[in-house]
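Got your viewer open? Load the model and follow along, one selection at a time.

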Amino acid sequence: TRTGYLWNTLYGWVDTGSGGLAPSSVAAGLQPISHHVAHPDTKRRLHELVVASGLIEHLHELSASPASRADVLRVHDAAHVDRIIAEGAQPKGGDAGDGVSPFGQGGDAIAFLAAGGAIEATRAVVSGEVDRAYALINPPGHHAERALGRGFCIFNNTAVAAAYALEELGLERVAIVDWDVHHGNGAQDIFWESPQVLNISLHQNRCFPSDSGFRDENGGGEGAGRSVNIPLPPGGGNAVYEYALEQVVIPALEAFEPQLILVPCGFDAAIMDPLARMMVRADGFRRLTRLITDAAERICDGRIVFLQEGGYSPYYVPCCGLGVIEELAGVTTGIADAYEPIVGAMGGDELLAHEREAVDAAGALLPGIT
Ligand code: 6DK
Ligand code: ZN
């Protein structure tokens with residue numbers, strides 16, 4: 001198998017500001033911090049491990065060009081795009097849209113480059129230049145809605161890639177399987193009424209956004225039944241994610257028969273992540289990758305593109321990411337999960353009754369996907 005891989009130095013230059021939750025504030029007691037929780041070093045450390053481990057020798061490197069305005073306008077309002085460009089020209093940059101997702105001067109250009117990276121990885125897979133791909137892009141995208149950036153996301157990279165595949169590459173059906181720990185609200189908003197996109201999101205219930213991602217959000221109009229949400233109770237790990245893939249995600253894919261699968265891939269469901277309370281380990285991410293790529297082989301000739309979303313442990317994200325990319329490439333570098341001695345016995349390997357119920361309830365709602 002030929003595995004595409006995409007990174008760009010500028011993805012490591014995303015400026016998330018010196019605040020924590022919001023811009024630092026003396027009055028609010030928010031002290032400035034040199035590493036914002038979404039500081040790009042976490043993703044750069046994954047890239048460096050891909051290089052230092054030698055895994056890069058087994059990958060086909062792809063290179064990103066900025067998405068065009070037309071590419072982004074397939075899924076975003078012109079007013080949103082124009083506001084981002086205008087704010088990117090300001091000396092101190094701007095904000096994606098929710099007031100807590102700052103970006104630096106020129107950050108608009110990096111956002112276009114992230115969307116362009118998603119397009120390039122998708123183009124390479126659909127054209128057959130590579131069999132599958134991992135796009136280590138930044139800033140992330142899955143919270144960006146048609147008219148609004150939020151949650152560190154400026155443009156919805158995955159949605160841009162899906163729309164490109166449908167409108168430029170001639171595909172008719174694309175599936176999104178979002179396993180970032182937060183809800184994939186952006187694609188849900190953008191493709192709510194689309195019969196051509198099956199959007200599945202697995203997430204910790206009410207982690208972010210706290211008011212979306214519930215089981216009964218299933219799409220509308222011609223898109224009725226094409227949004228699937230699998231909210232999970234906190235504390236679940238390898239076992240519940242594997243069960244959800246086997247019981248809900250893969251059956252839904254088999255029914256929908258997409259021609260391409262996009263995986264907004266975060267590592268924030270990991271046991272060491274500071275923003276969420278799930279317990280997936282690196283071996284779990286490997287296993288999920290195996291399950292979904294095997295499904296892609298059966299369903300869509302193996303066409304699958306992973307697109308980087310979140311992941312906030314600078315320690316553990318590189319371990320998890322290396323596992324996923326090794327699995328995609330079908331090689332092992334021999335570098336093991338260095339944190340396994342710490343996290344290996346903490347749990348998450350056994351499916352608990354309340355976790356099974358949460359997944360089964362989502363599966364029972366699998367609305368008319370055909
Ligand atoms: N804010 C994402 O991982 C983004 O899904 C997650 C956005 C979470 C916003 C709410 C939150 C904090 C917490 C601690 C400190 C500062 C801000 F889009 C992705 F990147 F993929 O927890
Ligand atoms: Zn996330």
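Start with proline 139, which sits in the loop between E5 and H5; helix and strand labels here are DSSP runs numbered from the N terminus, with helices being H or I of at least four residues and strands E of at least two. Click on the bond leading into this proline: the peptide bond from asparagine 138 to proline 139 is cis, with omega near 5 degrees. There is another cis bond to look up, from phenylalanine 208 to proline 209, where omega is near -20 degrees. Proline 209 belongs to the loop between E7 and E8.

A quick word before moving on: this is a predicted model, where local features need pLDDT of at least 70 and side-chain atom pairs count only at pLDDT 80 or more, while totals for chains, interfaces and linings use all residues. Residues are numbered from 1 along each chain as its sequence is written, chains are lettered from A and ligands numbered from 1 in the order in which they are written, and side-chain values use heavy atoms, with hydrogens and water left out.

**The sheet**

Switch to cartoon and colour the strands. You should find 8 of them in an open sheet with parallel pairing, in the order E2-E1-E5-E10-E9-E6-E7-E8; two strands pair if DSSP finds at least two bridges between them. Which strands stand at the edges? They are E2 (60-62) and E8 (227-232), and each has a single partner strand, so one side of each is left without a neighbour in the sheet. Neighbouring strands are turned by 15 degrees against each other on average, direction ignored. For angles, axes are lines fitted to C-alpha atoms (for helices over the stretch in contact), and values run from 0 to 180 degrees between N-to-C directions.

Now select E1 (3-6). Thr3 and Tyr5 point one way from this strand, Gly4 and Leu6 point the other way, and all are buried, where buried means under 20% relative accessible area, exposed means over 50% and partly exposed is in between (1.4 Å probe, protein chains only). That fits a general pattern: in a regular strand the side chains alternate between the two faces of the sheet.

On one side, E1 pairs with E5 in the parallel sense over 4 bridges, and threonine 3 has arginine 132 as its bridge partner in E5. E1 is also joined to E2 by 3 bridges, again running parallel, with glycine 4 partnered by histidine 60. Add helix H1 (residues 41-52) to the selection, and E1, H1 and E2 make a right-handed β-α-β unit. Right-handed here means that, with the strands pointing away from the viewer, the path from the first strand over the helix to the second runs clockwise.

**Helices on the sheet**

Next, select H5 (residues 157-167), which packs on the sheet and touches E6, E7 (197-204), E9 and E10 (304-308); contact means heavy atoms within 4.5 Å. The direction of H5 makes about 170 degrees with that of E9. Inside H5, pick alanine 161. Is this residue buried or exposed? Alanine 161 is buried, with a relative accessible area of 0%. Leaving out residues up to four places away in sequence, alanine 161 touches Ala118, Ile119, Thr122 and Leu262.

Then go to H9 (residues 317-329), which lies across E1, E5 and E10 and runs at about 160 degrees to E5.

**The zinc ion**

Select ligand 2, a zinc ion. What are its protein donors? They are Asp180 (OD), Asp180 (OD), His182 (ND1) and Asp268 (OD), at 2.0 to 2.6 Å. Donors are N, O and S atoms within 2.8 Å of the metal (3.2 Å for Na, K and Ca), and water is not among the atoms, so sites may look incomplete. Aspartate 180 lies in the loop between E6 and H6 (185-190) and aspartate 268 in the loop between E9 and H8 (282-300), so the pair ties together parts that are 88 residues apart in sequence. Both aspartates, 180 and 268, are buried.

**Two positive phi values**

Finish with glutamate 257, which has a positive phi of about 50 degrees although it is not a glycine. Glutamate 257 is in the loop between H7 (238-256) and E9, and at 48% relative accessibility it counts as partly exposed. Aspartate 301 also has a positive phi, near 60 degrees. Look for aspartate 301 in the loop between H8 and E10; at 62% relative accessibility, this residue counts as exposed.
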